[in-house]
Amino acid sequence: MDLSNKSEEFLSASPTGKVPVVVVDGDSLYESNVVNQYLDEVTEGSKLMPEDPKSRAYARIWMASADVDFFPALFVASVGRERGFSEGRISEALEKLQIALEKLEERLHDRDYLAGEFSLADIAYAGNFVRLRDLERRGEVHLKGYPNVSAWIERLEGRKSYKAAV
Ligand SMILES: N[C@@H](CCC(=O)N[C@@H](CS)C(=O)NCC(=O)O)C(=O)O
């Protein structure tokens, strides 16, 4: 999908004009965390949401935070210059990204994955690790300052499914 040149077919399927969107029997499902949960529910095999209700609630809390805190800040910080955003907006996004990384650092100090076991919560972040690594290469984010986050990123990047998807 060329997002700078959206087709009519795509626009009629995606109510927000954004990806991802999945059309099921003519109905559009959108919002990546919602789509991921739907796919997890309708496919066979090991499940990607925890069984325990409290762990599942935490998975949802971190999925929401990926959507509201992490992704918007990372997005503006990573593409801001090429899109002509103001320096003020970009530095505000970098500050918000640091706050999101600090929250992740704290969460991961005594667990390998955000909801304890590997889940859709981790996947909600992993989809943007490529952008985060870009910012690191550009010297705008210093992941070494977040050792728990760094180890978690490497753990996720090392998974066969991550390598196949990215
Ligand atoms: N909260 C939404 C965010 C979707 C989103 O922002 N998608 C971006 C790509 S990462 C997009 O389609 N941008 C195109 C546009 O805004 O025109 C989700 O998780 O699905």
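**Ligand site and domain arrangement**

In this predicted model, a nitrogen atom of the ligand lies 2.8 Å from an N or O atom in the side chain of Glu31. A second acidic side chain takes part as well: for Asp67, the separation between one of its side-chain N or O atoms and a nitrogen atom of the ligand is 3.1 Å. On the oxygen side of the ligand, an oxygen atom is placed 2.5 Å from an N or O atom in the side chain of Lys6. The protein covers 73% of the 510 Å² of accessible area that the ligand has on its own.

Glu31, Asp67 and Lys6 belong to a wider set of residues around the ligand, which also includes Leu3, Lys18, Val19, Pro20, Ser32 and Phe71. By residue class, this shell divides into four nonpolar, one polar and four charged residues. The charged group comprises Lys6, Lys18, Glu31 and Asp67, while Ser32 is the polar member. As for the site itself, the space that the ligand takes is the largest pocket.

The chain as a whole is divided into two domains, with domain 1 spanning 8–42 and domain 2 spanning 53–165. Their C-alpha centres lie 23 Å apart. Five residues from domain 1 and seven residues from domain 2 make up the contact between them. Of the residues around the ligand, Glu31 falls within the bounds of domain 1, and Asp67 falls within those of domain 2.

Technical notes:
Residues numbered from 1 in each chain as written. Predicted model: local features only at pLDDT ≥ 70, side-chain atom pairs only at ≥ 80, totals over all residues. Heavy atoms only, no water. Near = heavy atom within 4 Å. Polar contact = N/O pair within 3.5 Å; in protein donor to acceptor, adjacent residues only side chain to side chain. Areas by Shrake-Rupley, 256 points an atom, 1.4 Å probe, with all protein chains shown as cover. 1 Å grid on protein atoms, 1.4 Å probe; cavity = no way out; pocket = protein on both sides within 12 Å on 5 of 7 lines; lining within 4 Å. Sits in = over half its atoms within 2 Å of the grid points. Nonpolar A, V, L, I, M, F, W, Y, C, P; charged D, E, K, R; others polar. Domains from an automatic or database assignment. Contact = heavy atoms within 4.5 Å.
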